[in-house]
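Biologist: Please take a close look at the strand pairing in this model. Then follow the description outward to the helices and to the contact between the chains.

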Amino acid sequence: MKTPPAPPAHAQAFPWASVCLIAFTLGVAAQPALASTLLYERLALLRGEYWRLWTGHFVHFGSSHLFWNLAIFTVASIWSERLAPARTRLLLVVSPGLIGLALFGLDPALATYGGLSGVATSMLVFLSYTQLARLAAPATTNKNEPLATSPTSDRWFWRAVLALVVLKIGAEFALQQPLFTRFAPAGIRAVPLAHLIGVLVATVMHRNLRGFRPRFLPRRTG
Amino acid sequence: MPHGYSSLARVFRPALFVALVLSALLLAGCFSTRGPRKTERSSSVVSYLYPDQANPLPPTSIPVLRLPLRVGIAFVPGKSDISEQQKTVLLQRVAAEFKGRDYIQSIELVPSTYLRAGGGFANLNQVRSLLGVDVIALVAYDQVQFTSNNLLSLSYWTIVGAYIFSGNKNDTQTLMEAAVYDIASRHLLFRAPGASRVEAGAAAAYVQQRLRTDSTAGFDAATTELIANLKLQLETFRERVKNAPGEVRIEHRPGYTGGGSLGACFASILGLLFLARACACICTRHRT
């Protein structure tokens, strides 16, 4: 008896990791008292409160700051998780910590940091890579993590997204000020380093873990 | 009635009458014949900062503000001073309105004992070193109180009227001004005024008490207006700094607060790209 063909991956994967992180971000915004415990604070990190490296990204400095970061994160993360669930979930776990760690090591003057943009940039870049990979070589689709096929050739779009991210980061470094945004409360500086690390983490994840699938998950067939 | 007593009474009655009239006149005179009176208390930022200079030279260096700022706030020493307690209450009100802003690290209330009359920037530099403030808001004031009599003051002739009828009219005019200076560069960053007028009537016996109450009310009302104007001027100053970065240099202290933000513009450009992609998709499908 012939078994029915497996449904496409994007129809199977519910983006629960993205949904959890979105809910967590909104929860932190709804409970401002949590911010003092979760915010990236260099002094607190030196005291041993290492969770702040990861949780600091989910604290925001205002409603506008939260809204735009979360808007881009929601789209990029959910889309990406539906296309490549395992790697996206790994990226969602790893990238906040790695970005926090890099900020701690590379920017000692940074006393306090908050905002999801580093992780959102990481997700956006990873989504672009994943889409470009689908369009470039459908034959290389990994059988452990099959990718949904793209209906149209929109390679230019994903390249434009990548170019926009690179342009933004480059300009922010060059001008030493945020390019597309202004913080409502003065005295807060944009940290393009967080975006750069986000891009690097996504690049490494895409290049080196194409066939990644946790061992405890059953192998897909077909 | 004995004869001796009635003759004594006859002698003393006119004298008693005269004494009563005289004392009434004297008392009423105390209450009413002084005419309009004026009390003035004031302090001046110019006399404090430039005590012996008719034409002070303008500062030449560009002010550098290191965010978040440590701000001091003080009353300029003046003549006929208001009480230290009253000053503290007013300064606390101003400070409370500006605490909690991200670009302000701390607000120190500088006691009057730290400032000496005509101390100038040398004195401010001492305060800067002692309290660690970069910017100081100097609050100066000018309060004038007038007291005059109205028609009811005629009742003061009865003595009792001086306790009952409000025959005095008090007019208290207060002007306060806060001038915010960058101590290092001696630059006036911005200034804001606050004014009030309090009018009240009082019986002669309570004029001084009423004047003190009016003085306090005048300072309170002027401070309320001063706070509102300070907020306005602060926003104007922030806009000025954004639009003319050469006027004031903004730096960040080591240990700055950073935020990761993508912003509305970035999201809009992405949205436009996505819209273009959707249009391209529709066109391709139509063609096929």
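Modeller: In chain B, strand β1 (residues 37-43) and strand β6 (residues 135-149) pair in the antiparallel sense over six bridges. The model is predicted: local features need pLDDT of at least 70, side-chain atom pairs count only at pLDDT 80 or more, and totals for chains, interfaces and linings use all residues. Residues are numbered from 1 along each chain as its sequence is written, while chains are lettered from A and ligands numbered from 1 in the order in which they are written.

Two terms recur below. Strands are taken to pair if DSSP finds at least two bridges between them. Helices (H or I, at least four residues) and strands (E, at least two) are DSSP runs, numbered from the N terminus. In general, strands of a sheet pair through backbone hydrogen bonds, either parallel or antiparallel.

Within the pairing of β1(B) and β6(B), B:Thr39 stands opposite B:Gln145. Strand β6(B) also pairs with strand β3 (residues 69-75) of chain B, in the parallel sense and over five bridges; here the bridge partner of B:Ile73 is B:Ala137 in β6(B). A further partner of β6(B) is β7(B), which runs antiparallel to β6(B) and is joined to it by 15 bridges. B:Gln145, placed opposite B:Thr39 in the pairing with β1(B), has B:Thr172 as its bridge partner in β7(B).

The path continues from strand β7 (residues 168-182) to strand β8 (residues 187-202) of chain B, an antiparallel pair with 15 bridges. B:Asn170 has B:Ala200 in β8(B) as its bridge partner. Four residues lie between the strands of this hairpin, where B:Arg186 takes a positive phi near 65°.

These strands belong to a chain whose secondary structure comes to seven helices and ten strands. Of the 288 residues in chain B, 28% are buried; a residue is buried if 20 or more other C-beta atoms lie within 10 Å of its own, exposed if 12 or fewer, and partly exposed in between, with C-beta atoms placed from the backbone. Among contacts in chain B with a separation of 6 or more, 77% are between residues 24 or more positions apart. Contact here requires that the C-beta atoms of two residues, placed from the backbone, lie within 7 Å.

Two helices of chain B also pack together. Helix α3 (residues 84-98) and helix α6 (residues 207-243) of chain B meet at an angle of about 20°, with their axes 10 Å apart. Axes are lines fitted to C-alpha atoms, for helices over the stretch in contact, and angles run from 0 to 180 degrees between N-to-C directions. The two helices α3(B) and α6(B) are therefore roughly parallel to each other; angles under 35 degrees count as roughly parallel, over 145 as roughly antiparallel, 65 to 115 as roughly perpendicular and the rest as oblique. From α3(B), B:Gln86, B:Leu90, B:Arg93, B:Val94 and B:Glu97 meet B:Thr216, B:Phe219, B:Thr223 and B:Ile227 of α6(B). This contact of α3(B) with α6(B) has four nonpolar, three polar and two charged residues. In that classification, Ala, Val, Leu, Ile, Met, Phe, Trp, Tyr, Cys and Pro count as nonpolar, Asp, Glu, Lys and Arg as charged, and the others, Gly among them, as polar.

Strand pairing returns between the chains. Here 27 residues of chain B are in contact with 37 residues of chain A. On the chain B side, β10 (256-259) and α7 (263-287) each supply at least two residues, and the largest share, twelve residues, comes from α7(B). By class, the side of chain B that touches chain A has 15 nonpolar, nine polar and three charged residues.

Strand β10(B) pairs with strand β2 (residues 110-114) of chain A in the parallel sense over four bridges, and A:Leu110 stands opposite B:Tyr256 in β10(B). Both strands belong to an open sheet of four strands, in the order β1(A)-β2(A)-β10(B)-β3(A), with mixed pairing. Its edge strands, each paired on one side only, are β1 (40-41) and β3 (188-190) of chain A. β1(A) meets β2(A) in the antiparallel sense over two bridges, with A:Tyr40 opposite A:Tyr113 in β2(A).
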